[in-house]
Amino acid sequence: MPLGIDVGGTKIAYGEVENGTIIWKEQISTPASQGEIIQTLKTIILSYKGNRIGIGIPGQVKDGEVLFTPNIPLSGIKLAKLLHQETGKDIFVENDANAFLIAEAQWGVAQGYKNIIGITLGTGIGGAIMINGKIWQGVHGAGAEFGHMAVMEDGPICGCGSRGCVEAIASPRSIEKWAEIEKQYGMPTIMDNISMVEIMELKDNDTLAKIAYDRFIRYIGMAVANLANILDPEAIVFGGSGVLSWDIWQQDAHAVYERRVLPSLKGQIPWLKARFSNNAGIIGAAALAI
Ligand SMILES: [Zn+2]
């Protein structure tokens, strides 16, 4: 059975996974320095009796090398090779959105599909492309960075340095931030601590919640239609915290999407809600090592 390690900006979560089910798991705070993080990973791996370990990283990864991680000091590290040399075990390192899609194809809602795209909605918007059963990493490790599709000229500044990326407009976190600013500028609302859950629940009863909700579904629907028109996949899998309210927004976003996809694609590509939400990072990482 593989060990999955999910390296996040605030915590490192890890556990053993059997056929998509967590057998046990642990987590610790992510240390600040590169040396401490690598030492921590080494300790976790050496304390595990098995031989196959998958590691998910929120950043760009190519052939086991971490090329760029904005929130964790591992950029430029050949992590798979380094940890293999230090521990003698088989180590597989991959972008966390890619790991998510591999897990859904292996054990989740996308079993049986070989040509699929995955979209994770959370703080940012992550993406993954699987073609003929294989992940497309991109030539420079930046393949499937769906969140950085520009959908609004002169839109909000994005963490990547560009403007108007869909992640800066319609990720759950970006929608919350946008609504917070509108509230500060006096838009009437009964929302208190503005959250995506609150926006979803109050969309029919609150002016600001309704406008924020419409912004979310409009830009998600448009962005996903762009992807469908480019890639024409068998199915699209949605994951991340944004799918906690899937039953509320899915239909409306899908209606926007249907208006924008090519006629030959209308009604053809199922939208699937990920099977894994809690522990998705650990399960995705473990799926790399099966
Ligand atoms: Zn961007």
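## A guided tour, starting from one loop

**Stop 1: Ala144.** Begin in the loop that links strand S10 (134-135) to helix H4 (166-170), and select Ala144 there. You are looking at a predicted model. Check the backbone of Ala144: its phi is positive, near 65°, and this residue is not a glycine. Is Ala144 buried or exposed? Count the C-beta neighbours inside 10 Å: there are 23. The mark for a buried residue is 20 or more, so Ala144 counts as buried.

**Stop 2: Asp154.** Stay in the loop between S10 and H4 and select Asp154. Asp154 is not a glycine either, yet its phi is positive, about 60°. Now repeat the neighbour count. Within 10 Å, Asp154 has 7 other C-beta atoms. A residue with 12 or fewer is exposed, so Asp154 is exposed. One loop therefore holds a buried Ala144 and an exposed Asp154.

**Stop 3: the whole chain.** Zoom out and show the protein chain as a cartoon. Look for nine helices and twelve strands. Along the principal axes, the C-alpha atoms fill a box of roughly 55 × 45 × 35 Å. How does the radius of gyration of the protein chain compare with that of a compact globule? The chain has 19 Å, and a compact globule of 290 residues would have near 19 Å, so the two agree. Of the 290 residues, 43% are buried. Next, consider contacts between residues with a separation of 6 or more. Residues 24 or more positions apart account for 60% of these.

**Stop 4: two domains.** Colour 3-101 + 279-287 as domain 1 and 112-273 as domain 2. Their centres, taken over C-alpha atoms, are 26 Å apart. Eleven residues of domain 1 and 15 residues of domain 2 take part in the contact. Which elements each supply at least two residues on the domain 1 side? They are strand S5 (60-62) and helix H3 (96-107). H3 gives the most to that side, with five residues. Colour the domain 1 side by residue type: seven are nonpolar, two polar and two charged.

**Stop 5: the sheet with S1.** Show the open sheet of five strands ordered S3-S2-S1-S4-S7, where the pairing is mixed. S3 and strand S7 (90-95) are the edge strands, and each pairs on one side only. Going from one strand to the next, the twist averages 20°.

Now pick out single pairs in this sheet.

- Select strand S2 (residues 11-18) with S3: the two are antiparallel and share eight bridges.
- Find Ala13, whose bridge partner in S3 is Gln27.
- Go to the hairpin of S2 and S3, where two residues lie between the strands. Asn19 has a positive phi there, near 45°.
- Colour strand S3 (residues 21-29) by burial. How many of its nine residues are buried? The count is zero, and the strand is hardly covered.
- Move to strand S1 (residues 3-7), which runs antiparallel to S2 and is joined to S2 by five bridges. Here Val7 stands opposite Ile12 of S2.

Then add the helices. Helix H2 (residues 79-87) lies across strand S4 (52-57) and S7, and runs at about 160° to S7. Helix H9 (residues 280-287) also packs on the sheet, where it touches S1, S2, S3 and S4. The direction of H9 makes about 125° with that of S1.

**Stop 6: the sheet with S10.** Turn to the open sheet with the order S10-S9-S8-S11-S12. This sheet has five strands, and the pairing is mixed. Why do S10 and strand S12 (271-273) each have one side without a neighbour in the sheet? These two stand at the edges with a single partner strand each, so one side of each is left free of a neighbour.

Select strand S11 (residues 235-239) together with S12: this pair is parallel, over three bridges. Click on Ile236, whose bridge partner in S12 is Trp271.

**Last stop: H3 again.** Bring back H3, the helix that gives five residues to the side of domain 1 that touches domain 2. What does H3 lie across? Strand S8 (116-121), strand S9 (125-131), S10 and S11 are beneath your selection when you view the sheet from H3, since H3 lies across these strands. Set the angle display on H3 and S9: it reads about 50°.

Key:
Residues are numbered from 1 along each chain as its sequence is written. This is a predicted model: local features need pLDDT of at least 70, side-chain atom pairs count only at pLDDT 80 or more; totals for chains, interfaces and linings use all residues. Helices (H or I, at least four residues) and strands (E, at least two) are DSSP runs, numbered from the N terminus. Two strands pair if DSSP finds at least two bridges between them. Domain bounds come from an automatic or database domain assignment. Two residues are in contact if their C-beta atoms, placed from the backbone, lie within 7 Å. Ala, Val, Leu, Ile, Met, Phe, Trp, Tyr, Cys and Pro count as nonpolar, Asp, Glu, Lys and Arg as charged, and the others, Gly among them, as polar. The radius of gyration is taken over C-alpha atoms; the globule rule is 2.2 Å times the number of residues to the power 0.38. Axes are lines fitted to C-alpha atoms, for helices over the stretch in contact, and angles run from 0 to 180 degrees between N-to-C directions.
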